[in-house]
Each structure stands twice: as structure tokens, then as C-alpha cells.
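Please look through the chain below. The report that follows walks through its strands, charges and backbone.

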Amino acid sequence: MSEEISQKNAELMKKIVSLCKSRGFIFQSAEIYGGLNGCWDYGPLGAELKRNLKEVWWRRNVQERDDIVGMDGSILTHQDVLKASGHVGGFSDPMCDCLLSKARLRADQIDPQSGTVYSYTGASHEESGWSVDKPYSVLLQEGQDANKAKKTARQYYSQFLTDKQISPKKLELAGQETEEVEGVTNFNPENGSLLTEPREFNLMFKTQMGASADENDESAVAYLRPETAQSIFVQFKNVLDTNRMKLPFGIAQIGKSFRNEINPRNFTFRSREFEQMEIEYFCHPDQGMELTDEWLENRLCFYEDIGIPREHLHILDVPDGERAHYSKKTYDIEYEFPFGIQELEGVAYRTDYDLKKHNECSGKSLEYFDDQTKEKFIAHVVEPSAGCDRTVLALICEAFEEETITNEKGKEEVRTVMRFDPKIAPIKAAVLPLLKNKPELVEKAREVQKALQPFMNVFYDEAAAIGRRYRRQDEVGTPYCITIDFETLGEEEGKEDLKDTVTVRERDSMEQSRMPISELLPFLLEKTH
């Protein structure tokens, strides 16, 4: 990606983040206290957008299918569940810290670098008699000034000064040596500083349960779940028996998961608290590979249905050696975010790994018995697992557009519009009386609002000129604006036949048409559901 395109995408993301805050989509958690890193709060519009997404997902995958049922598992998770799944003792990332900035990085995500390493044995300040003996190194890549290494090293050593009034520029560096290196990953790409040795970092949030529990009581340990999948696996037998399910069948769940991410980034994309929309689809061992391909196509169609075109999606067939150890086949569905192509959803063929583990560790049989073939076996599973928050972010990025239009006065202006699919849009329709100082218009507009409210989220707005109100609704993605005017009241001479009709304005085309009030509800239900 060229620097110009990268800068343009960064500016685009900046505008999107700004709009999310200014219009009440997404706020930084605990912002008035400086913010809680990796956590986000959804405002009024964001909450509606997210709820609409989850409702469409549930309707498509549970309500409209005979072979999938839903469940809602607990967030607090028994430690034995996560021991069996391999999360306890195995769910960690290699982490290293920058010796200069203290930034925390994933060691396995640092790109190899080449250049000249400048190494020092320590630093001193002659006037005060201060000195420190600590080895430190800086990597300079080709074309960088050698003085940058000295400046970075002085900044590092200055943190050990007892007299903070001494300028880092006054420090003398000791024992400088240089070495040419290739493909190293132990330096911070941001500033060239040496990193600490990688160490394992537990990604799960641990807690103690019970009023008398303390940190030394191992029996009181529980975890905030790192994924929704495990609660589905441990309830497999209960769902199977109580719902008289036959293979292949699925269990769907939407819920919060928690991971103590080393480096949350890219707005809501990588967070410590996030919501998953997940299906565990159980099948006969012979069906796993075929169903994985079927589910991939199913999920691509879903994204198209909610307004993310297939041409903006990428499919990564994860190669051997890069898949999770339990997976025989994995597809990553990726989206073109402004900050790069990143994963939205994984479709993984997990084989019988999970049920077999819980079968062994719990001592309870999780085998499936086929009445027709009299065969007994551990079911295999295909897992389409989508990030709800990531999908919301993709919908926002996809919908955002700035277009130049000519206004009523013939002047060009920039219209910001969120082109949400109507079924996803947080507000389905805005009801607008032409003038707020005409009680009869306001009364009629309120009647229309009350008639629609039981069926959808409707916004009432009477402040400012009608054109400005249209722009405000464009900016939050409202697909239809309903204007109540004097023709609605039957007061326009020669237009008495337009009584009890309204003007309906469509967001994307900005076209307007008259419609009887009696036809509004069926029209909007058809367009927005």
C-alpha cells in the first residue's frame, strides 16, 4: 500500500471514529476517567445497530432453520471446562515489552527487521558523578542517521537518573559497538529500542467465586469465558436429549467473551471485552469437510444480505501449520477495513476434538447414537464464529460516505451519509413536521410517530429547517424521512385529495414521493425487515 493511500485511509478512519462519538454510536468506556483501554460503550444509535445485527443473525440462523437451536451460556466458567479445552495452561501469547516506551507487543506479530544494531554498556554524567551499567541496544534501519541511536539510548538511560533535572543530552554513552543484522524481531519497529525477552502472557481473566474465597483457594477459581464455544460443547448432551435433535444439527449462541489482549487496537476491532455470534454445527465425521464449504458460502451470503458486498470480502484458506491444532480446515472471512484487510469470521472444522476432550475429562458420555445405523460415535463439529463488534465496525465503515451534492440554492456542499441496509439501520424512519410552530402539523406528526413506534425504532425531529433535518438523518443512516405538511392536513387549495398523505424521502437517492398514511406501516415493514 502506498504512503498516499495509507494516509487517506487513516484520515477516513479518523472521520469514522469522530462520527461514532459525535452521533452516539460508540464511546470510549469510562472516558471521563481517562478511558479503559480495550473496552467500549455503545451509545443509543450503536446499541440499536448492534441489536439489529444480532436479531438478523438470529433470525437467519435459528428462527428460519429447523436444524439449529439457541442457547445462552453463563459468562463465569468452571475451571475444569477450560482445563479440558486446553485454555488453562495453554491459552497465552508470547509478550515482550519495549525497554524505552514500555509498550507491550506480541512477539509473534513483530515483522522481521534488518539494519545496524548500536549497542552500549551504560551511561554517565560527569558533573554529578552519576553512572549506570546496563547493556542496551538500538536498531537503525537503512538510511537512518546514526545520531538517532545515540538519542534513543540517552532517552533510555535517562530514566535511571536520580536527578531528573539533568537533560538526557548531557549523558555520555559507554562501550558503543555496532553489528549488521538481518531478520531480527527483538527490536520495537516504532522506535528501534531493544525489547525484553518474550514471556507467556495469560489471556484469560481469572476470578474467585464465593463470599469466603481467597486467592489461595484453588477450588474457588473461575474464569470469564474466553469464547462462547465451550458452554455449547458442555451442554451438547442436554440440548440433544431435551430437543430430540438428529445429526446434523447446530447450537447457536450470541454472547460476551473476554480476552486480556496485550495490545488492543484499531478502535473496536481488537478489544478485551467483545461479543461473538457463534454456531457449533454437529455432524457425522464423513460430513465435516463438505459442511465447512457449505457454511462458508452461507456466511458470505449473510454478509451480502446485511450490506457488505462480496467484493469487499476476502477468503483466506488457512494453510497447514497456521491453523489451530484442533482444526482440519479453516477459512477466514476478511473485510477491507481502512486500517487493512482483517478477519471478520472464521469457519473452522474442529473435528471431534472438543467433545472428545470433555467426554474424557468429565467422565460423562457425550457420544451420539444413530437410531438408523445403530452407530455410536463422537460427533464432529463445524464452527462458523463471527465477531459481533467487528461486524458492527465493518457495517459502519462500509456505510460511511461523503458525497458532493448541489443544494437548493445551487451551491455545492458535502453530504455525509451512512448507507446502512434498512434492516440494519438504527433508526428506521424519522417523522418530521414541516413547521414546529403549527400545532396541527405537530399533532399529526405525533400521531404518525405513535402509530409506527410499536413496530420499529422511529425518531421525531421538529428543530431547524427541513433540509437540515434531512442531513442529520442522512448522517446517522435513517433510510426514510416522513414529512407532515399542509397537504397532509388537506389545507392546500386544489390539493384536497392529498389529505392524509405524507412525503416520504429515501435516503440514498434523496427522491421524494407522496404516500397515504394508511400505507406507511406495511411499506416500512417490507423495506426494513
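Is M510 buried, partly exposed or exposed? M510 is partly exposed, because its relative accessible area is 28%, between the 20% and 50% cut-offs.

## Overall picture

This is a predicted model. The chain has 529 residues, and buried residues make up 48% of them. Its secondary structure comes to 13 helices and 28 strands. Along the principal axes, the C-alpha atoms fill a box of roughly 95 × 75 × 50 Å.

## Strand β18 and its partners

Strand β18 spans residues 340-351. It is mostly covered: nine of the twelve residues in β18 are buried. Two strands pair with β18, namely β17 and β21.

Strand β17 covers residues 329-337. β17 and β18 run antiparallel and share nine bridges. Two residues lie between them, and the two strands form a hairpin. One bridge sets K329 against Y349 of β18. Strand β21, residues 380-387, also pairs with β18 in the antiparallel sense, here over six bridges. In that pairing, A348 stands opposite E383 of β21.

## Salt bridges of helix α2

The model has 40 salt bridges. One of them joins R51 and E55, with the closest N and O atoms 2.7 Å apart. Both residues sit in helix α2, which runs over residues 44-63. They are four residues apart, about one turn of the helix. R51 is partly exposed, because its relative accessibility is 36%. E55 also falls in the partly exposed class, because its value is 39%.

R60 makes a salt bridge with D305, at 2.9 Å from N to O. This pair links distant parts of the chain: R60 belongs to helix α2 and D305 to helix α7 (residues 288-305), with the two positions 245 residues apart in numbering. R60 counts as partly exposed, because its relative accessible area is 25%. D305 counts as partly exposed too, because its relative accessibility is 26%.

## A loop-to-loop contact and its network

R419 and D508 form another salt bridge, with the closest N and O atoms 3.1 Å apart. This pair also links distant parts of the chain, 89 residues apart. R419 lies in the loop between β23 (412-418) and β24 (429-433), while D508 lies in the loop between β27 (501-506) and β28 (512-516). R419 has a relative accessible area of 25% and is therefore partly exposed. D508 has a relative accessibility of 31%, so it is partly exposed as well.

Which residues are linked with R419 and D508 in a network of salt bridges? The other members are E401, E403, E413, R415, R471, D474, R505 and R507.

## Negative patch on the surface

Four glutamates gather in a patch of negative charge on the surface: E440, E443, E491 and E492. E440 lies in helix α10, residues 439-452. E440 is partly exposed, because its relative accessible area is 31%. That value passes the patch rule, because the rule asks for over 30%.

## Backbone at K102, M510 and P248

K102 is not a glycine, yet its phi is positive, about 70 degrees. K102 lies in the loop between β5 (92-97) and β6 (104-106). With a relative accessible area of 51%, K102 is exposed, because the class begins over 50%.

M510 is not a glycine either, and its phi is positive at about 65 degrees. M510 is placed in the loop between β27 and β28. D508 lies in the loop between these strands too.

A cis peptide bond joins L247 and P248, with omega about -5 degrees. P248 sits in the loop between α6 (236-242) and β14.

## A buried arginine

R270 is in the loop between β14 (249-258) and β15 (273-283). Is R270 buried or exposed? R270 is buried, because its relative accessible area is 16%, under the 20% cut-off. R270 and F187 are 83 residues apart in sequence. In space, their C-alpha atoms are 23 Å apart.

Technical notes: Residues numbered from 1 in each chain as written. Predicted model: local features only at pLDDT ≥ 70, side-chain atom pairs only at ≥ 80, totals over all residues. Heavy atoms only, no water. Buried < 20%, exposed > 50% of the residue type's maximum accessible area, 1.4 Å probe, protein only. Pairing = 2+ DSSP bridges. Patch = residues over 30% accessible without salt bridge, like charges linked within 9 Å, V, L, I, M, F, W, Y side chains within 5 Å. Areas by Shrake-Rupley, 256 points an atom, 1.4 Å probe, with all protein chains shown as cover. Salt bridge = Lys/Arg side-chain N within 4 Å of Asp/Glu carboxyl O. Lys, Arg positive; Asp, Glu negative; His and termini not counted. Charge placed at Lys NZ, Arg CZ, Asp CG, Glu CD.
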